[in-house]
Amino acid sequence: MRFVSRVGETIAVKNGAVEGATASTDLGFGLRVLKDGAWGFASSSTPGLEEVLAVADRAVGIAKASALVPGQRAKLAPVEPVEDRWESPYKKDPFDVKLADKLELLLSAEKRVRDGGGGKVMVAQASAGARREEKSFASTEGSYIEQAITECGAGLSAYAVGPGELQRRTYPNGDRELTGCYGWEAVEALDLVGNAERVGQEAAQLLEAKKCPSGPKDIILDTTQMVLQIHESCGHPTELDRVYGTEAGFAGTSFLTTDKLGKFKYGSDKVTIVADATVPHGMGTFKYDDEGVPGQRTVLVDKGTFKNYTTSRETATRLGQKASNGAMRADGWNRMPIIRMTNINLEPGDWTLDEMIKDTKDGVYMEINKSWSIDDKRLNFQFGTEIGWEIKDGALGDMVKSPNYTGITPEFWAGCDAVGDKKHWKLWGTPNCGKGEPMQVAHVGHGSAPTRFRKVRVGVGQ
Amino acid sequence: MTAKERIQEVLEKCLRFASADQTEVVVTGQDTYLTRYATNYIHQNTAETDTQVSVRSVFGKKIGLAQTNALDDASLKRTIEHAERIAKVQPDLLDFLSLPSKDDAGEITAQAVFSDRTAASTAEERARAVGRITALSVKNGFDAAGAFSTAVVRFGIANSLGIRRYTEATRANLSAIVMGPTGSGFAEGLQSDVGKMAVDRVAETAVGKCRDAQNPVAVEPGDYEVILEPAAVADMIQFLAYMGLGALALQEGRSFMSGRIGQKVTGENFTLWDDGTDPAGMAIPFDFEGVRRQKVMLIEKGVAKSVVYDSYTAGREPGKKSTGHALPPAAQIGALPLNLFMKPGDAEVEDLIKATKRGILVTRFHYTNPLHPVLTTITGMTRDGTFLVENGKVKSPIKNMRFTNGILDAFDAIEAIGKRPALVDMFGLGVCSAPAVKLKKFSFTGGTEH
Ligand SMILES: [Zn+2]
């Protein structure tokens with residue numbers, strides 16, 4: 001059984017006015033039951049013991065209904081019972097910061113975005129958000145776990161409009177507020193005001209920028225685009241539930257079938273990717289998952305070779321592994337846990353960004369994801385970014401608008417020949433990963449450094 | 001106390017607790033059940049009961065919003081205080097006029113779609129229906145996956161300007177993806193009355209498509225004639241709606257309609273409207289501000305006619321009134337059409353195939369995403385049944401393809417339109433009724449291995 005409460009606050013200002021300011025509270029409980037290997041889940045936001053008992057009954061009834069259809073039955077990998085409480089660390093409680101102060105910061109940053117855009121920016125926005133989730137987990141196996149996770153962040157965006165053209169520029173990474181498990185200190189560290197003019201300016205410049213060149217080029221992806229690249233082409237296909245087909249009805253399956261485990265060449269020897277729920281401040285960081293399994297670090301791809309999946313107690317058993325590696329999370333009290341990414345990180349290499357650019361003859365450097373699409377096995381993808389710069393003979397050249405690139409996952413990662421070093425490595429939050437039916441939105445993290453991929457098809461469909 | 005009485009009590013209490021110049025309370029309650037199956041067994045099966053309260057407090061031209069799902073007096077009071085405090089610290093939203101009044105909201109005669117059968121359906125009934133799909137799949141040596149959900153949704157809206165609304169609606173969704181070794185098939189159903197769900201037809205269609213989809217061949221990317229089944233057409237329409245059929249996008253110049261109202265934007269045979277009162281859709285006769293939903297012609301015979309408004313966006317244009325398309329209060333993206341109808345034609349899908357010299361038949365799209373909102377360019381993959389058509393006949397299943405194409409370009413290239421529209425879920429919020437279409441030209445820009 002899980003009891004989950006969430007409080008949230010978002011403030012968004014747009015063109016000098018408040019677009020939306022919302023405080024929200026959401027709480028309830030859910031019970032997952034396993035009867036004769038079949039699952040039932042029921043949940044309610046109505047408090048009281050009477051309701052809990054009714055919901056428990058409903059969950060058992062649903063499990064019995066599940067068993068009416070024959071087929072696979074669940075066997076759970078063992079987990080040690082534990083009693084514990086954990087809180088994600090932060091310095092400044094975002095719910096203690098005065099609303100008026102938050103507004104003042106956002107309004108002044110947003111104004112500078114417009115100033116920077118010089119009349120071309122039709123819509124300028126600044127937003128900040130905070131969320132605290134308190135969850136309690138109790139199981140008939142004897143665990144009782146409490147966790148409190150505080151997230152906070154802020155961002156700017158500028159939309160510039162020209163004849164038949166719309167261009168977006170954001171800071172720090174796309175149109176999302178929450179960026180990690182921090183307090184208000186994360187917003188202060190962003191220096192929104194200091195970055196605002198540039199955001200407006202670049203949005204306006206993008207209207208005049210040339211098209212991204214077409215054809216095979218070497219590309220260097222900034223960490224803001226690596227987030228999406230890792231998420232879609234490694235994070236999702238290594239989810240073991242997808243591999244077993246249990247997401248087939250919605251998001252799809254995976255090309256990383258179990259026969260490939262331990263031997264498939266996922267990428268070049270520069271590519272080592274881990275699932276790490278233990279990195280501080282990640283959006284996929286926790287002490288226990290929603291099955292009570294400790295959060296951990298698992299190597300998914302080791303020097304290019306596919307080594308492991310993110311798993312649950314049920315799927316680990318099915319794969320013949322002794323224990324789950326702790327990737328089961330539910331989006332609140334009213335959802336069953338499913339396998340979710342934790343922080344899926346590309347381990348750093350030894351290049352600086354300057355060295356990488358100097359070493360590139362004919363390429364494009366790209367920042368911040370703008371569009372994404374990938375097939376249901378996670379092979380053919382096409383991703384677009386907000387902005388790019390040509391690289392000619394080892395130097396950054398002209399700005400290009402709406403750059404995009406396409407590829408097939410293992411071929412693309414095989415072309416990875418340079419990964420940035422520790423100094424360039426950065427962990428980002430992705431608060432909008434959708435999966436499951438009913439829909440569940442997960443907060444996950446992705447860390448990487450700027451990375452180069454050789455001979456990638458860019459400028460598709462222009 | 002009935003659910004209706006409970007929600008009405010919450011509405012009145014909140015208005016009583018409020019001290020703002022204007023206050024609006026929106027209560028949505030839901031009992032949702034979803035049975036999920038994959039590889040021919042039920043692997044998830046859920047129930048959820050929830051009631052959410054949203055309060056908008058207005059002081060002059062300042063608006064605050066707070067939400068809770070705790071319904072005790074103390075929580076409701078705290079939520080209202082929150083909304084009022086948030087409103088008070090703001091600068092004025094200069095172009096905000098007022099929440100809608102009782103007069104603005106209009107008289108309502110239309111009914112929401114509601115079915116007692118859906119409201120009373122059980123996990124056992126859903127499991128037995130899923131069992132029929134998985135049994136047919138097993139018999140054919142395939143793997144079936146999908147979901148069967150039923151929901152009762154309750155909407156209560158009240159504001160301090162006299163609006164009082166309450167209605168209940170039901171909805172049942174069934175999807176089936178059936179997978180064989182080298183290809184898959186898909187079918188779905190959406191009904192208000194679960195008793196009308198054609199479970200066996202969904203099973204047979206998905207299994208049949210799967211059978212036909214085995215051993216696909218690769219074809220070269222490029223421009224092809226294309227036949228899009230309703231799910232693919234509805235996918236394009238939902239992105240068209242999201243990118244440009246709401247007033248805010250138009251006003252901010254982000255819409256393909258910006259500056260083009262009255263001009264031709266697609267071929268003459270394309271007509272699209274929104275009608276939240278048509279029982280052929282998932283009718284709910286008022287929007288999230290309690291305003292009567294009006295039928296709005298969006299694109300008529302290829303000409304851009306209008307977009308949809310809520311009270312705020314209507315207030316920004318002289319003489320405009322809300323068309324009854326407000327989204328839930330926290331949405332921040334302005335009004336959107338949620339009950340879209342594309343005008344059907346007179347062809348059977350077989351006729352569309354017969355009229356195709358060399359083209360591609362698409363069952364549905366997957367992971368579609370906008371590339372360029374003003375040009376309405378989108379990209380995505382085909383999925384669950386893609387076929388090559390030659391000389392009027394389906395020649396062979398083909399491997400899935402990536403497309404990159406403008407939606408308006410596609411609707412400018414319609415040669416023929418199917419006569420049997422299907423109702424398709426839209427972003428989980430609305431529905432779209434769309435027929436199959438045949439297009440002269442559609443751009444496929446890549447392929448994949450399966
Ligand atoms: Zn995702």
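## Exercises: two interfaces in a predicted complex

Across the interface of domain 1 and domain 2 of chain B, the rule finds 4 salt bridges (a side-chain nitrogen of Lys or Arg within 4 Å of a carboxyl oxygen of Asp or Glu). This is a predicted model, where local features need pLDDT of at least 70, side-chain atom pairs count only at pLDDT 80 or more, and totals for chains, interfaces and linings use all residues. Residues are numbered from 1 along each chain, chains are lettered from A in the order in which they are written, and side-chain values use heavy atoms, leaving out hydrogens and water.

**Exercise 1.** Work out where the two domains of chain B lie and how many residues touch.

*Solution.*
- Step 1: start with the bounds, which come from an automatic or database domain assignment: domain 1 is 3-196 and domain 2 is 216-450.
- Step 2: check the spacing; the domain centres, taken over C-alpha atoms, are 24 Å apart.
- Step 3: count contacts (heavy atoms within 4.5 Å); 41 residues of domain 1 meet 34 residues of domain 2.

**Exercise 2.** Find the area that domain 1 and domain 2 of chain B bury, and the three residues of domain 1 that supply more than any other three.

*Solution.*
- Step 1: buried area is the accessible area (1.4 Å probe) that two parts lose on being put together, summed over both.
- Step 2: here that comes to about 2,900 Å², with 65% on carbon and sulfur atoms.
- Step 3: on the domain 1 side, B:Arg171, B:Phe186 and B:Leu190 are the top trio, supplying 18% of the area.
- Step 4: look at B:Arg171 again, since its side chain also meets that of B:Asp425 in a salt bridge (2.3 Å, N to O).

**Exercise 3.** Now describe the contact between chain A and chain B.

*Solution.*
- Step 1: grab the residue counts: 78 from chain A and 72 from chain B.
- Step 2: add the area, about 6,100 Å², of which carbon and sulfur atoms give 54%.
- Step 3: pick out A:Val69, A:Leu166 and A:Glu437, which supply 9% of the area that chain A buries against chain B, more than any other three residues.
- Step 4: tally the salt bridges between the chains, and you get 5. In one of them, the side chain of A:Glu437 pairs with that of B:Arg36 (3.7 Å, N to O).

**Exercise 4.** What mean pLDDT does chain B have?

*Solution.*
- Step 1: recall that pLDDT is the predictor's confidence in each residue, from 0 to 100.
- Step 2: the mean for chain B is 96, and 100% of its residues reach 70 or more.
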